[in-house]
Structure formats: structure tokens, C-alpha cells
Amino acid sequence: MDQGTHQFLCQAQTRRLVLLLGITVAIVLLVQYVELPYPTVLSSLFLTRGSSSTSETNGNKEISKGLNSTYVDIGQASSDTETDEGNNLSGSPRDPKVNSDSASSKGKNDFPLVIKDSSHVDLDKSSMSKNENISANGPAIVKARESEYDISLKNDTEDTNSSSSSIQPEDLAPTDSDSSARYLKPEDMASNETISSSSSIQPEEVVLPEESNGNLQALSPSSLPNKTIPTYKVTESRSPVISADTANRTSENKYTAGKRKRGERAASLKSSRSKSKKKSSTNVSKDKNSKKPKSVVPISEMNKLLLQSLAGSNKMVANWLAPVDQEVLFAKSQIENAPITKNDEILHSPIFRNLSMFKRSYELMENMLKVYIYQEGEKPIFHEPILEGIYASEGWFMKLLEANKNFITKDPTKAHLFYFPYSSQMLKIQIYVPNSHKRANVIKYMKDYVDMIAAKYSFWNRTNGADHFLAACHDWAPAETRGRMLSCIRALCNADLEAGFKIGKDVSLPETYVHSKKNPIKYLGGNPPSQRHILAFFAGRMHGYVRPILLEYWENKDSDMKIFGQLTGVNNRTDYFHYMKSSKYCICARGYEVNSLRVVEAIFYDCVPVIISDNYVPAFFEILNWESFAVFVLEEDIPNLKNILLSISEERYMEMYMGVKKVQQHFLWHDQPVKYDLFHMILHNVWYNRVFRTRPT
């Protein structure tokens, strides 16, 4: 074969191979476009880096949705995996008669949303599709879901220990508390602000603040209705903003918190939760009975809700007038025009929102107030107080009021207030069926009681219960008093905004741990500031979702931060008291519920409370200026806790320390009540809310 023939055959073979290769590629591409679900996988290989395709555009849209939903659902994802303690009846007991905060707590439910803080806008996709209109130009009304009021409560928590009344060593480190802080400028609370009735929050709906640039803006007094608020002066002794932003941004205003990007907050919270899940040193498994609130209302927003209530929202309307209404209106006028009190030997002005108004209101209460106590109701649920344990506040108040001759009247037509003498603790013990996982019978019991009162007397029907009140400290009290009882004044230890607590109507009841009914003020006092060498202290059981996060970041991490789980050993009681009395700040981290007896404990031991419990309304909120003697830290700012505390100057700390010393008298029980003590403060706050909810005819 000559050379030319050989060359021709090689070229022919090459063409054949090229043809076969081309056919193969064509077949592959054809199969790809016809059979595969993603027809652009191979073709995208031929695109240059700078080119775009339809698939890329669509992909970005998909990714965008994914990122949004991931961010928005951080709280939701957590709630899906962390069952609310209050909604799960299989949780550990927190109940009587031991009543220690460290014995587990339960009995909570989902409730309507509340106003969301300007820096806490986490709306999940589902909420955006359910009757919610979020507008960049104005507030939106969000209807509460019916399921949130379902009284079947199939996920309720169960309390099983109801027999022991002794105090166990492990009960020393009680359980539950917080509030988020963004401190309000004094001028924001000044008198004669204008507030719009359209801003009022109704029981079944919520108003979200305006949204701008992705963040909700806080409601300002100027944006609220054209109603003049009664003169309501506020002391200048508000604490600085206690937040991570304040600690890290010294150039910010002393009284306001810098806004953090929502993404940063979400990422911080998600990170802290994920880390806490991996925590092994605390030897605590992930709490399935805890739930992050759907929205957060910091102290600054609570102050504005209070202004709204004073301005006219949520007023009491009587179906027919009675002489006592004119007496209440007279008292209201007297309080609004109270003479200025500059100095007082007993009362410390900085700890009050308005000392002059408080003094005048208290004087009128002593001289005018008459309370009618319903005698209906069988023992032990009614008229049989429990005086020891963590729920003792309701028992001591019942005992002292029923024995009081100055305030009690036997003539209901002369009564300004009507009292239901029931024990939420005994109701749960007597009525709840253990392991039933339902509280419907407990709720029905109270509903039937009120129906009986309304049928027997005309007084409930005259005001729809708005001049009736109760004092209940058990965790289940918000659920026990739902439905028809929501219209009355509820003094609750579990003062949770998301659980339906109404500022200006309801009263936040202090949770006090009474060790001995013979001596309810047995443990008081602590070291002077010069001998308080510990920056912050906490010890307690891992109840709820906040405490594991606290320990994850601070347990055995810093010598200045004495953060522990439950103290054990022979000297655990002594050690607990020693730490409380030797620390500058005592951490009051919520447990299963927002309230915690540690708040009052800190005050007893002259330790400045650091409240870490979103949506918790502190005790006597309408009366006391809590920012003058306590620190509020957002739950998501736990990683920055030390920086936040160190950002408080020594001068400011001394002011708060003095505030704690002075406010202590208002949190003490006495077998024979004394002026301005806890009994009188509770009754006064109920009286005060009754007066300012009365609408002129």
C-alpha cells in the first residue's frame, strides 16, 4: 500500500471518529433535555463566568426566599424543637407545698402576639400569610388565633408534687425571670404627652409599630392620640441603656439603646441556642418544654403601653352608675393634682415614677378604699391561704386582707373593689387530674364560680367585672383566669405580656419565697459595696431555655462571673446566701415562666437584680421606676453580659445599690401589716389601676 492510500484511509477514519463523537454528544444533550429534571446542568458548563442564565435568575429567587424564611423562622424552628414547658404536662413538677422555684414549674400556654420591639422583627412565613398585613407605612392589626385560646390545653404542663411543705436543700436556687431593656428617656415619660386612642391594644389584636428600612420603629408619644395625659412626672434617675450595643458603642446616647441589625440578632440567638444544645458540662439535656416568645416588648415599649393606658385606652365602663364611681373620680382628680413632694423621710424619690402622685394616692386609699370580699367558695380553694413556699404571696395577701378592718366592708354597695379570695395553688392541687395533660376542668371551675357570682349579685354585671380583682401566684393563674375573668384586675406573679397580661389593668405580683410563716422576713441584708467582690452570681436548676444558654457562655468561664447550675453539697444553702450577699449583681434568669423569686431575693440581700426575661412586667410597674435600681438584659444579649455590667459606672452602681436598699421595705411581709409594706403596695396598685381605669360620665 503506497503512502497516498495510507494517508487517505487515516483521514477517513478520523472523520468517522469525529462524526461518531458528534453524534454521541448530540444524543447525550438530547437525553439531557428530554429526560433529566435539570436540563441546564451540562449546558451551564459552556457559559462564561460573567454570563447569566434563566436558571441562575430563578436560582437567586429561590435562594432569596430560602434565606428570608431561614432568618424569619429562627424562633419558629426553635419552638418546633423546644416544646414549651407550660404547654407540656409531662414536665417536671414545680409545685407545692415545697413551692421552691427550683422544683420544676409548668402550666403555660400560647397566647396572642404583643407589640414587637423595633429591633426584634422576626415574622415567620406562616404569620405573613395569616391575617397579617405588614405595611412599611403604618401599623398592622394582627388577629389572635383561636387556637391560642383553646382551653383544652392538650399540651399543658403537669405539676405533681403537691404534698410536701418542707424546704429541701436543692430548692435553694429558685427558678424563673426577665424583661428586655431599652431605657426610655425621662422626657419620653413627661407629663402632658398626647396619645391616640387608635394605638390602644385590644385583647384579641395587636398593633405593630411602623416599619422602616427593615426595622420596626418604636412608637413615640407624639405619634399617639390627641388626649392629654394626667400630669405624670418621672424621676431623672433612670439607668443607662443596658444592652450589648451600649457596652460596645460608647458614643451612643446615655438613655437609648443603639439598634442592632436584625440579622445580627437572629444570628446571635441562633448561635447561642445551637451552642447550648451541644453543652455537655452542665449535664443537662435540651429542655423540650421551653419556648422563645414570638415577640419581645422591652421596658421602653412597656412604658409607652403604660402611657396609653393612662391616656384612655382600656377604660372601665359601668352599665349603670353608683355613688362609688363619683368617689373614685374624685380620687383620680386628687391624684392628678397632687401637691409636689420634694423630700420624704421614709420614701426614696428616685425609685418611684412619681412620688407625689404615689403619696397622694396612698393617702386616699387609706382614707377611702372599701373592699368587699365574696364569702362564696369552699375551702381549701377559697379562704384558706398557704403561707410558705414560692407561691406564698397570694396566701399572705388573702390572710391579711380578710383580717383587715380598715379596708373591708360588709356592705357591697359601698365597695370600690370586690375581691375573689381564691388560691391558684390550691385550685391546681384540688382540681387538676394528675397525668391528664389537660387543664380544662381547672379553667371551667373558675368560670362556673364567676357565673355563680354574676347570677347571685348585680355587682359583677354593673362593670362586667372591671372593679373585681384577685391575687394569684401559681404559674397557671393566667390560664385559670381567662375567658370571662379577663375583664377583672388580675394581680399575677406570672406577669407575661405574651400570656395576656395588660399593663395599666393587671398588677404584677412579686413572687416571694417565704421560708417560715412565723418569720416571713427571716433572711435580709448583705455586705456593703466595698465587700462585694463578685461581679455577678447565678445558681439554679436548668429550667426553661434561657438558663442553659447562660451557663453555656459563663459557667466556669470567668472568675468575676460566678454562674452555676444547681448548688449541691452539705453547705449549699450557706454558699447560696454567701454568693447573694457578696455579689454586686444577682442574675435573675427566667425559668419555665417569666417570673422569678430571685428578683425579690436579690432585693432582700441588697444585690442589684439583673433581669433576663423577655416580656416580664416587673412588680408594681405603674408605681416603681425599676430602671433606677435594676438592670434589664435581653435574652439574646447573654453573650455580652459581662461587658454590659462593666459598662455601668461605679457611680451608677452606687445609685442602684441605694435604690435596692430603699425599695426593700416595699417587698416585706409582716404578720401585722405596716405602712408601705408588701401588703399595702399590692392593694394600692390594685386601687391605683381601678382609679385610672374609671371613665368620667
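**View 1. Helix 8 packs against helix 20 in this predicted model.** Let's start with two helices that meet at an angle: helix 8 (residues 323-336) and helix 20 (residues 678-692) pack at about 100°, and their axes are 9 Å apart. That angle makes helix 8 roughly perpendicular to helix 20. On the helix 8 side, look for V324, D325, V328, A331, K332, I335 and E336. Their counterparts in helix 20 are W687, Y688, R690, V691 and F692. Sorted by class, the residues of this contact are eight nonpolar and four charged, with no polar ones.

**View 2. Helix 10 also meets helix 20.** Here the axes of helix 10 (residues 392-402) and helix 20 come within 10 Å and cross at roughly 85°. The two helices are therefore roughly perpendicular to each other. Helix 10 brings F397, L400 and L401 to the contact, while helix 20 offers F679, I682 and L683. What classes of residue does the contact of helix 10 with helix 20 have? Six nonpolar residues make it up, with no polar and no charged residues.

**View 3. Five strands form an open sheet in the order 13-12-14-15-16.** The pairing in this sheet is parallel. Strand 13 (561-563) and strand 16 (631-632) stand at the edges with a single partner strand each, so one side of each has no neighbour in the sheet. Further in, strand 14 (residues 583-589) and strand 15 (residues 608-612) run parallel and are joined by five bridges. If you would like a landmark for this pair, find C586, which stands opposite P609 in strand 15.

**View 4. Helices 16 and 19 pack on the sheet of View 3.** Helix 16 (residues 572-582) lies across strand 12 (534-538), strand 13 and strand 14. Its direction runs at about 115° to strand 14. Helix 19 (residues 650-663) touches strand 14, strand 15 and strand 16. The direction of helix 19 makes about 95° with that of strand 15.

**View 5. Another open sheet of five strands has the order 7-8-9-10-11.** Its pairing is parallel too. Which strands stand at the edges of this sheet? They are strand 7 (371-373) and strand 11 (507-508), each of which pairs on one side only. Within the sheet, strand 8 (residues 417-419) and strand 9 (residues 468-472) pair in the parallel sense over two bridges. Here F418 is a handy place to look, standing opposite H468 in strand 9.

**View 6. A disulfide links C473 and C493.** The whole structure holds two disulfides, and this view shows the one that joins C473 to C493, with an S to S distance of 2.0 Å. The link is left-handed, with -95° about the S-S bond. C473 sits in the loop between strand 9 and helix 14 (477-480), and C493 in the loop between strand 10 (489-492) and strand 11, so the pair ties together parts that are 20 residues apart in sequence.

**View 7. Two loops carry backbone details worth a look.** Most residues other than glycine have a negative phi, and most peptide bonds are trans. Between K379 and P380, however, the peptide bond is cis, with omega of about 5°. You will find P380 in the loop between strand 7 and helix 10. In the loop between strand 15 and strand 16, N615 has a positive phi, near 75°, although this residue is not glycine.

**View 8. Confidence varies along the chain of the predicted model.** The mean pLDDT of the protein is 73, and 62% of its residues reach 70 or more. Where does the pLDDT lie below 50? That is the case over residues 37-288, a stretch with 670 contacts in the model beyond near neighbours in sequence. Where pLDDT is low, please do not read the predicted coordinates in detail.

Note on methods
Residues numbered from 1 in each chain as written. Predicted model: local features only at pLDDT ≥ 70, side-chain atom pairs only at ≥ 80, totals over all residues. Heavy atoms only, no water. Axes fitted to C-alpha atoms, helices over the stretch in contact; angles between N-to-C directions. Helix = DSSP H or I, 4+ residues; strand = E, 2+ residues; numbered from the N terminus. Parallel < 35°, antiparallel > 145°, perpendicular 65-115°, else oblique. Contact = heavy atoms within 4.5 Å. Nonpolar A, V, L, I, M, F, W, Y, C, P; charged D, E, K, R; others polar. Pairing = 2+ DSSP bridges. pLDDT = per-residue confidence, 0-100. Disulfide = S-S within 2.5 Å.
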